[in-house]
Amino acid sequence: QLQLVESGGGLVQPGGSLRLSCAASGFTLDYYAIGWFRQAPGKEREGVSCISSSDGSTYYADSVKGRFTISRDNAKNTVYLQMNSLKPEDTGVYYCAAEFSLSPATVQPMCEYYYAIDYWGKGTLVNVSS
């Protein structure tokens, strides 16, 4: 079965940190750009950060630049999102997604438009609250 499984969400106080993981099963992530997306209650889904399959190019939404870091470990078939200095407005369900692509240029359109996603995970809830 081909799937992406997110983990690492939870309740954290403002200013705290979390690390999300996205593990793939049934296929290898080597040829896929991977993105993290989030959806807050009553809001549209938005791209948070994306990383290319080839040279590690990254894209970050302006709202998370300097606070979040995306990385991948192809040997473990896993992508991570390190989230620091969390704010209440970071609250939402976080999804990872995979798009088959070898181009570093994929990351920005993937995060901004996500129209060519091949696989979505089911999400993990992040709640930033005191």
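Is the link of Cys 50 and Cys 111 right-handed or left-handed, and what is the angle about its S-S bond? In this predicted model, the angle comes to 105° and the link is right-handed. The two sulfur atoms sit 2.1 Å apart, and both Cys 50 and Cys 111 are buried. Cys 50 belongs to strand S5 (residues 46-51) while Cys 111 belongs to helix H1 (residues 107-113), so this disulfide ties together parts of the chain that are 61 residues apart in sequence.

That link has company, since the count comes to two disulfides. As a quick reminder, a disulfide is a covalent bond between the sulfur atoms of two cysteines. The other pair is Cys 22 and Cys 96, again with an S to S distance of 2.1 Å. Here the bridge runs from strand S3 (residues 18-25), home of Cys 22, to strand S9 (residues 92-100), home of Cys 96, and the two cysteines are 74 residues apart. The torsion about the S-S bond of Cys 22 and Cys 96 is about 65°, so this disulfide is right-handed. Cys 22 and Cys 96 are buried as well. Counting bonded cysteines along the chain, the pattern reads 1-3, 2-4.

Now for the strands. Four of them form an open sheet in the order S1-S3-S8-S7, paired in the antiparallel sense. Strand S1 (3-7) and strand S7 (68-73) are the edges, each with pairing on one side only. On average, neighbouring strands in this sheet are turned by 15° against each other, direction ignored. At one end of the order, S7 and strand S8 (residues 78-83) are held in antiparallel pairing by six bridges. One bridge matches Ser 71 with Tyr 80 of S8.

What about the nonpolar interior? The largest nonpolar core has 27 residues, and the members that touch the most others are Leu 4, Trp 36, Phe 68, Val 79, Leu 81, Met 83 and Tyr 94. Many strands chip in: S3, strand S4 (32-39), S5, S7, S8, S9 and strand S11 (124-128) each supply at least two residues. S3 gives the most, with four. Leu 81 shows how busy such a spot can be: leaving out residues up to four places away in sequence, Leu 81 touches Leu 18, Arg 19, Leu 20, Trp 36, Val 48, Ser 49, Phe 68, Thr 69, Ile 70 and Tyr 94. Apart from this core lies another one, made of nine residues, including Ala 33, Ala 97, Val 107 and Met 110.

Note on methods: Residues are numbered from 1 along each chain as its sequence is written. This is a predicted model: local features need pLDDT of at least 70, side-chain atom pairs count only at pLDDT 80 or more; totals for chains, interfaces and linings use all residues. Side-chain values use heavy atoms; hydrogens and water are left out. Two strands pair if DSSP finds at least two bridges between them. Axes are lines fitted to C-alpha atoms, for helices over the stretch in contact, and angles run from 0 to 180 degrees between N-to-C directions. A disulfide is a pair of cysteine sulfur atoms within 2.5 Å. Buried means under 20% relative accessible area, exposed over 50%, partly exposed in between (1.4 Å probe, protein chains only). A nonpolar core is a set of buried Ala, Val, Leu, Ile, Met, Phe, Trp, Tyr and Cys residues joined through side-chain atoms within 4.5 Å. Contact means heavy atoms within 4.5 Å.
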